[in-house]
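Work through the exercises below with the structure in view. Each task is followed by a solution in steps.

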Amino acid sequence: MEKSSYECVKKAYKDVSLQELRDRLAEFAEVRGWKQYHSPRNLLLALVGEVGELSEIFQWRGEVARGLPNWSSDDKEHLEEELSDVLLYLIQLADVCGLDLGQAALAKIVKNARKYPVINQKSS
């Protein structure tokens with residue numbers, strides 16, 4: 001049985017940083033001459049298209065259980081690919097806008113913790 005590209009890459013890399021993904025995406029675009037097309041607007045539109053493709057996977061499935069226990073390996077691989085497309089365009093968009101997405105995400109978690117504090121509930 002042939003391994004998926006995801007399984008092969010998974011063995012090679014355990015933890016991947018946003019920085020590494022950003023650098024690899026920049027190199028990928030540079031060597032192909034695509035950098036000129038990667039304006040914030042174009043990347044945003046590409047991201048929206050990929051979110052549409054991601055939503056199509058769930059469109060007619062109804063509620064889906066955590067861990068996707070009833071999904072085939074092909075369905076899970078398709079989902080991984082579409083999620084990856086969304087992530088990669090998001091990282092590129094942040095990069096061309098000069099933003100540190102990792103730091104922004106951490107700051108947002110802190111902001112949300114202040115906005116939505118934990119409320120201790122009395123036991124019944």
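**Exercise 1.** Leaving aside neighbours within four places in sequence, find which residues Gln-92 is in contact with, and decide whether Gln-92 is buried or exposed.

*Solution.* The model is a predicted one.
Step 1: Locate the residue. Gln-92 sits in helix H4.
Step 2: List the contacts. With neighbours up to four places away in sequence set aside, Gln-92 touches Leu-25, His-38 and Leu-43.
Step 3: Apply the cut-off. Buried means under 20% relative accessible area. Gln-92 has 11% relative accessibility, and therefore counts as buried.

**Exercise 2.** Describe helix H4: its span, its buried residues, and what covers them.

*Solution.*
Step 1: Compare the span with the expected value. H4 has 24 residues and reaches 35 Å from first C-alpha to last, close to the 34 Å expected at 1.5 Å a residue.
Step 2: Pick out the buried positions. In H4 these are Leu-79, Glu-82, Val-86, Ile-91, Gln-92, Leu-93 and Ala-94.
Step 3: Look at the spacing. An α-helix has 3.6 residues a turn, so residues three or four places apart point the same way.
Step 4: Identify the cover. The buried residues of H4 are covered by elements including H2, H3 and helix H5 (101–115).
Step 5: Look past the helix. Just after H4, Gly-98 has a positive phi of about 75 degrees.

**Exercise 3.** Determine how H3 and H4 are oriented to each other, and which residues make the contact.

*Solution.*
Step 1: Take the geometry. Helix H3 (residues 40–58) and helix H4 (residues 73–96) pack at about 160 degrees, and their axes are 9 Å apart.
Step 2: Classify the angle. Angles over 145 degrees count as roughly antiparallel, so H3 is roughly antiparallel to H4.
Step 3: Add the hand. H3 and H4 make a left-handed crossing.
Step 4: Name the residues. From H3 the contact includes Leu-43, Leu-47, Val-51 and Leu-54, among others, and from H4 it includes Leu-79, Val-86, Leu-90 and Leu-93.
Step 5: Sort by class. The contact of H3 with H4 has 16 nonpolar, two polar and four charged residues.

**Exercise 4.** Do the same for H2 and H4: what is their orientation, and which residues meet?

*Solution.*
Step 1: Describe H2. Helix H2 (residues 18–32) has 15 residues and reaches 21 Å from end to end by C-alpha, close to the 21 Å expected. After H2 comes Gly-33, with a positive phi near 70 degrees.
Step 2: Take the geometry. The axes of H2 and H4 come within 10 Å and cross at roughly 85 degrees. H2 and H4 are therefore roughly perpendicular.
Step 3: Name the residues. Leu-18, Leu-21, Arg-22 and Leu-25 of H2 meet Leu-87, Leu-88, Ile-91, Gln-92 and Asp-95 of H4.
Step 4: Sort by class. Six nonpolar, one polar and two charged residues form the contact of H2 with H4.

**Exercise 5.** Is Arg-41 buried or exposed, and how far is Arg-41 from Leu-93 in sequence and in space?

*Solution.*
Step 1: Arg-41 lies in helix H3.
Step 2: Its relative accessible area is 56%, so Arg-41 is exposed.
Step 3: Arg-41 and Leu-93 are 52 residues apart in sequence, and their C-alpha atoms are 8.6 Å apart in space.

**Exercise 6.** Summarise the chain as a whole: how many helices and strands are there?

*Solution.*
Step 1: The chain has five helices and zero strands, in the pattern α-α-α-α-α along the sequence.
Step 2: Of its 124 residues, 15% count as buried.
Step 3: Among contacts between residues at least 6 apart in sequence, 65% join residues at least 24 apart.

Technical notes
Residues are numbered from 1 along each chain as its sequence is written. This is a predicted model: local features need pLDDT of at least 70, side-chain atom pairs count only at pLDDT 80 or more; totals for chains, interfaces and linings use all residues. Side-chain values use heavy atoms; hydrogens and water are left out. Axes are lines fitted to C-alpha atoms, for helices over the stretch in contact, and angles run from 0 to 180 degrees between N-to-C directions. Helices (H or I, at least four residues) and strands (E, at least two) are DSSP runs, numbered from the N terminus. Angles under 35 degrees count as roughly parallel, over 145 as roughly antiparallel, 65 to 115 as roughly perpendicular and the rest as oblique. A crossing is left-handed if the near helix is turned anticlockwise from the far one by less than a right angle, and right-handed if clockwise. Contact means heavy atoms within 4.5 Å. Ala, Val, Leu, Ile, Met, Phe, Trp, Tyr, Cys and Pro count as nonpolar, Asp, Glu, Lys and Arg as charged, and the others, Gly among them, as polar. The expected span of a helix is 1.5 Å times one less than its number of residues. Buried means under 20% relative accessible area, exposed over 50%, partly exposed in between (1.4 Å probe, protein chains only).
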